[in-house]
Amino acid sequence: MALITLKNLARNASAHWQFGKSGGESTTGHKGAADFLPLRHVLTFAITRTAMQLLKPFRSALILTAIVSLSSTGPGAQNLSAREWTDASGTYKFDGDLIAASDETIVLRRKAGELEAYRTEQLSESDRTFLKEHLESQKENKPPEEMQTWTGREGLKFRGRVIGYGSKPVVLSHARGKTQINGKSIEELDQLYQFMVPKIVAEYDDKSVMTINDLGLWGRKLRGKEKSFNIDGVMMILENGEKVAAPLFLFSSEERALLEQGWENWNAESTHEAEKKREEFLTQTAAQEYQKSLAQQAQVNQRIQIMQLEMLAVNSGIVQVWEVQLIPLAGVAARSFSVVVPAQNSLTARMLAEQKYPGFGSAAVRQLNYR
């Protein structure tokens, strides 16, 4: 299961961008790379202890299958944007998968799974040319933006796509027996508003407001007047297309730690507009990668459950464990490899292996367990 482990990140521009002493060894461990450090370490991915505990009973070849599945090292798993990058001086080279890019900033995934952000001005001319072509192709073939699911600090799920940081006013009033938010009754508004507004009132005005009903009682005390709250936080686009500022205290502790990485730098009076845009870009990227990791986590959980059922079948003698050698078919540029398959017989094992890896044909098959 891919778990996001968040780094302790500095909260100001100078801490985000620290240079080692000239000619020394950088914090990345590369000599001569002191002037080529990442803007920030965005996220780190690792297999969780829970997943490893679930896998622990499945010793022998089935563990290998699970680890290969988790690390996506099978045929066809290569990232098309993986490349060797070079700094502007041409002296420092390193590998990384391109995760996201803007005109000023790129985010790369390094071999250890960590995401790092760099300024494009630090890269070689050939890398900048590659990025320019990449961004042009993205404009022409940009996939539709997907909604994201987030968790509130009390466990409630809500949907909205993170686009950066910002501020928006929330104006509350009470009319015709109903609490109005920005001129609309709360029942007419998106689920996020229904969840968010009572929390805003509790945070800034009356801690007894916990629910929409409490908000209605609180609204009566306005006696026809308006109460305005200027909300600073994460800018999100809702499913109806509306933009809303969601305060950071709204999110669960894990998601808040993710989203507030660049908040203080963005919100500082001394921060220039270009730096604000960079922080918004990095926050968008972190949010997207976090959502991907949640989807991968669900897939891994499902795979673990399937493995548990398969192992029960093996232990009960319903199926056996087979190792199937697969070789590439004509025209497929790949190496031969072996997979482990639970099946009733060798013929079924061959069929299952070929179904999972199209473009490969089965060769030798051997049984791994005997009852």
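1. Let's start with a charge and a ring. The charged end of arginine 83 sits over the ring of tryptophan 85, 5.0 Å from the ring's centre. Keep in mind that this is a predicted model. Tryptophan 85 itself is buried, at 0% relative accessibility. A second arrangement of this kind involves lysine 276, whose charged end sits over the ring of tryptophan 266, 4.1 Å from its centre.

2. Now the aromatic pairs, of which the structure holds 14. Tryptophan 85 turns up here too: its ring centre is 5.8 Å from that of phenylalanine 130, and with the planes at 75° the pair is edge-to-face. In sequence terms the two partners are 45 residues apart, tryptophan 85 lying in strand E4 (residues 82-86) and phenylalanine 130 in helix H4 (residues 125-140), so the pair links distant parts of the chain. Phenylalanine 130 counts as partly exposed, with 22% relative accessibility.

3. Another pair to look at is tyrosine 165 with tryptophan 263. These rings are also edge-to-face, at 5.5 Å centre to centre and 65° between the planes. The pair links distant parts of the chain as well, with tyrosine 165 in strand E10 (residues 161-175), tryptophan 263 in helix H8 (residues 263-267), and the two positions 98 residues apart. Both tyrosine 165 and tryptophan 263 are buried.

4. Some rings form a bigger group. Trp150, Phe158, Phe195, Phe251 and Tyr290 are joined into a cluster by ring pairs. One of these, Phe195, is also on the list of buried residues in helix H5, a helix I come back to below.

5. For the overall picture, the protein has 10 helices and 17 strands. It is 371 residues in total, and 44% of them count as buried. Taking the contacts with a separation of 6 or more, 61% are between residues 24 or more positions apart. The accessible surface comes to about 20,600 Å², and carbon and sulfur atoms own 49% of that.

6. Back to H4, the helix that carries phenylalanine 130. H4 has 16 residues and runs 23 Å from first C-alpha to last, close to the 22 Å expected at 1.5 Å a residue. Which residues of H4 are buried? They are Asp127, Leu131, His134 and Leu135. These four cover an arc of only 100° around the axis, which puts them on the same side of H4. The face turned away from that buried side carries the exposed residues Glu125, Lys132, Glu133, Lys139 and Glu140. As for the cover over the buried residues of H4, it includes E4, strand E5 (93-101) and strand E6 (105-109). E4 is the strand that holds tryptophan 85.

7. Helix H5 (residues 191-204) has its end C-alpha atoms 21 Å apart, which agrees with the 20 Å that its 14 residues should span at 1.5 Å a residue. How much of H5 is buried? The count is 10 of its 14 residues, so H5 is largely enclosed by the rest of the structure. The buried set consists of Leu192, Tyr193, Phe195, Met196, Val197, Pro198, Lys199, Ile200, Val201 and Ala202. If you click through what covers them, you will come across strand E9 (157-159), E10, strand E11 (178-181), helix H6 (212-220), strand E13 (227-237) and strand E14 (243-246), among others.

8. Two backbone spots deserve a glance. Asparagine 182 is not a glycine, yet has a positive phi of about 50°. You will find asparagine 182 in the loop between E11 and strand E12 (184-185), where it is partly exposed with a relative accessible area of 37%. Arginine 223 is likewise no glycine, and its phi is positive at about 55°. Arginine 223 belongs to the loop between H6 and E13 and counts as exposed, at 76% relative accessibility.

9. Last stop: valine 171, a residue of strand E10. Is valine 171 buried, partly exposed or exposed? At 24% relative accessibility, valine 171 counts as partly exposed. Its C-alpha atom is 5.8 Å from that of lysine 227, although the two residues are 56 apart along the chain. Leaving aside residues up to four places away in sequence, valine 171 touches Gln180, Ile181, Asn182, Glu226, Lys227 and Ser228. That list includes Asn182, the positive-phi residue from the previous point.

Notes:
Residues numbered from 1 in each chain as written. Predicted model: local features only at pLDDT ≥ 70, side-chain atom pairs only at ≥ 80, totals over all residues. Heavy atoms only, no water. Phe/Tyr/Trp six-rings, centres within 6.5 Å; stacked < 30°, edge-to-face > 60°. Buried < 20%, exposed > 50% of the residue type's maximum accessible area, 1.4 Å probe, protein only. Lys NZ or Arg CZ within 6 Å of the ring centre and 35° of its normal. Contact = heavy atoms within 4.5 Å. Areas by Shrake-Rupley, 256 points an atom, 1.4 Å probe, with all protein chains shown as cover. Expected span 1.5 Å × (residues − 1). Arc of directions from axis to C-beta.
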